[in-house]
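Open the model in your viewer and keep the sequence panel visible. The stops below go from one residue to its helix, then along the helices that follow, and end with the whole chain.

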Amino acid sequence: SRERPDYRFALLFLDLDGFKAVNDERGHAMGDQLLASVSRRLEGTLRPGDMIARFGGDEFVILLHYVADYADVIMVLVRMHERMGAPFDAAKLFEEVDRQHPYSIWATKAQLLYAYSLYEMNKYDDAVVALNRFLALHPGSRDAAYAYYLKALSYYERIADTRRDQEVTNKALDALQEVIRRFPDSPYARDARLKIDLTRDN
């Protein structure tokens, strides 16, 4: 700044609220993927020459070069707020964990959470494919009952009304009955019985 008396810069410090919960509940592999996604979003808000670096576990430091006045800083902050406010694609995060850490304990969880994310996005066909893959790779998993149940829901949710596609209805009924047959004493079986009754009554 001595050589350029008119040179001004700004340092921004950012930390992620709730990040520890992600690490604790979803594992460090998922935490790493989330940090990478956050970093990419932040980089997309910066101007040429600006720099970003991770500064601790869930903290980032951002250097804004050649700041004319506060308006330059505010514009960057507005872009950051807009980009960070958009939801993250959970399915992509879980898929990336599975790809980068295929033999870790978190890969198994990521595969199931990936299927659930697809289900939540109403991508039922993709969810069924992901669940079939999970069950083929982990038939003895303690989460197998839930996987079969989620697969049944992926068919059941597509039953719209009495004019529905009978093929979809039959697939839903078959999948719900499979839940009951495999896990008769589970809460999933109880709900499956209720959904079968509702389907047949309509």
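**Stop 1: Leu 150**

Select Leu 150, which lies in helix 7; helices here are DSSP runs of H or I of at least four residues, strands are runs of E of at least two, and both are numbered from the N terminus. The model is a predicted one, in which local features need pLDDT of at least 70 and side-chain atom pairs count only at pLDDT 80 or more, while totals for chains, interfaces and linings use all residues. Residues are numbered from 1 along each chain as its sequence is written, and side-chain values use heavy atoms, with hydrogens and water left out.

Is Leu 150 buried or exposed? Its relative accessible area is 1%, so Leu 150 is buried (under 20% relative accessible area; over 50% is exposed and in between is partly exposed, with a 1.4 Å probe and protein chains only).

Now show what surrounds Leu 150. Neighbours within four places in sequence aside, Leu 150 is in contact with Ala 115, Tyr 116, Tyr 119 and Leu 131 (contact means heavy atoms within 4.5 Å). Tyr 116 is 34 residues from Leu 150 in sequence, yet the C-alpha atoms are 7.5 Å apart.

**Stop 2: helix 7 against helix 8**

Select residues 144-156 for helix 7 and 166-182 for helix 8; their axes are 8 Å apart, at an angle of about 160° (axes are lines fitted to C-alpha atoms over the stretch in contact, and angles run from 0 to 180 degrees between N-to-C directions). Helix 7 is therefore roughly antiparallel to helix 8 (over 145 degrees; under 35 is roughly parallel, 65 to 115 roughly perpendicular and the rest oblique).

Show side chains next. Helix 7 contributes Tyr 148, Tyr 149, Ala 152, Tyr 155 and Tyr 156; on the helix 8 side, the residues met include Val 168, Ala 172, Leu 176 and Arg 182.

**Stop 3: helix 8 against helix 9**

Keep helix 8 and add helix 9, residues 187-201; the two axes come within 8 Å and cross at roughly 150°. Helix 8 and helix 9 are therefore roughly antiparallel as well. Among the residues making this contact are Leu 173, Leu 176 and Ile 180 of helix 8, and Ala 192, Ile 196 and Thr 199 of helix 9.

**Stop 4: the whole chain**

Zoom out and colour by secondary structure. The chain has 9 helices and 3 strands, in the order β-α-α-β-β-α-α-α-α-α-α-α. Of its 202 residues, 41% count as buried.
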